Amino acid sequence: MLAEETGVSLRTLYRDIQTLRAEGAPIDGEAGIGYVLRSGYLLPPLMFTEEEIEALVLGARWVTKRADAALGAAARNALARIEAVLPSDLADNINATSLLVGTGKETVADDATLAALRLAIRHEHKLDISYCNDDGVTTRRLIWPFAMGFFDEVQMIAAWCELRADYRHFRADRISSLSQTTARYPRRRSVLLREWRTREGIQEP
């Protein structure tokens, strides 16, 4: 259940539990039965290496330039929170890093569409969309979006399409209209993602 909730493999879950235990987290339980974190435990202060800080800053800068405004703002806010709890010498590295994200074409999909897609994925809700394909034909689809891929110029949505009764990929900028629903799709997002990765031959990160 934990692996399904977090969208990771059992192997990753067990490894992360062992890592937390090695860091001193008082976690009781064992594989196949379950885990309990004893109350009153506080995680140690955040500590990052210089390369980890560079990776975080570069990632946040990429998100700011390639995602919608709300996600970009969230990336900047996350960096500010990390900076606030780092020792001063490491915090200085956040603003001093020289890793930059190059300019690229602006994405065609508008912020409202991207935000709505992310929200539907987060809450595992079906979306009613009008989609224009490569040939300029527009169809109405009811989809179960479970993943979004960010590329330099486009965002791709991986979803189960009820019209085709199969997995399909949709470019966000070709969605001419969408209506959010409150209907949850009948399968968990993590299950769909795992099945789709297997089908597409994509290894788990």
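The exercises below deal with a strand sheet, a helix crossing and two loop residues, each with a worked solution.

This is a predicted model, in which local features need pLDDT of at least 70, side-chain atom pairs count only at pLDDT 80 or more, and totals for chains, interfaces and linings use all residues. Residues are numbered from 1 along each chain as its sequence is written, and side-chain values use heavy atoms, with hydrogens and water left out.

**Exercise 1**

Task: State in which order the five strands form the open sheet, and which strands stand at its edges.

Solution:
1. Strands (E, at least two residues) and helices (H or I, at least four residues) are DSSP runs, numbered from the N terminus. Two strands pair if DSSP finds at least two bridges between them.
2. The order is β6-β5-β4-β3-β7, with antiparallel pairing.
3. At the edges stand β6 and β7 (175-184); each has a single partner strand, so one side of each is left without a neighbour in the sheet.
4. Direction ignored, neighbouring strands of this sheet are turned by 40 degrees against each other on average.

**Exercise 2**

Task: Describe how β5 (residues 155-161) is joined to β4 and β6, and find whether β5 is largely enclosed or not.

Solution:
1. Between strand β4 (residues 138-150) and β5 there are seven bridges, and the two run antiparallel. One bridge pair is I143 with C161 in β5.
2. The hairpin that joins β4 to β5 passes through four residues.
3. On to strand β6 (residues 166-171), β5 has six bridges, again antiparallel. Here M156 stands opposite R171 in β6, and W160 has Y167 in β6 as its bridge partner.
4. The hairpin of β5 and β6 has four residues between the strands, and A165 in this hairpin takes a positive phi near 55 degrees.
5. Buried means under 20% relative accessible area, exposed over 50%, and partly exposed in between (1.4 Å probe, protein chains only). Six of the seven residues of β5 are buried, so this strand is largely enclosed by the rest of the structure.

**Exercise 3**

Task: Work out how α3 and α5 cross and which residues make the contact.

Solution:
1. Axes are lines fitted to C-alpha atoms, for helices over the stretch in contact, and angles run from 0 to 180 degrees between N-to-C directions. The axes of α3 and helix α5 (residues 88-96) come within 9 Å and cross at roughly 35 degrees.
2. On the α3 side, E50, I53, V57 and R61 make the contact (heavy atoms within 4.5 Å), and on the α5 side L90, N93 and I94 do.

**Exercise 4**

Task: Compare the settings of D68 and S9: is each residue buried or partly exposed?

Solution:
1. D68 lies in the loop between α3 (50-66) and α4 (69-85). With a relative accessible area of 1%, D68 is buried.
2. Leaving aside neighbours within four places in sequence, D68 is in contact with D111, L114, A115 and R118.
3. A polar contact is a pair of N or O atoms within 3.5 Å; within protein, one must be able to donate a hydrogen and the other to accept it, and residues adjacent in sequence count only if both atoms are side-chain atoms. The side chains of D68 and R118 form such a contact at 2.9 Å.
4. S9 sits in the loop between α1 (2-6) and α2 (10-22). At 24% relative accessible area, S9 is partly exposed.
5. Not counting residues up to four places away in sequence, S9 touches A3 and E204. A polar contact of 3.0 Å links the side chains of S9 and T12.
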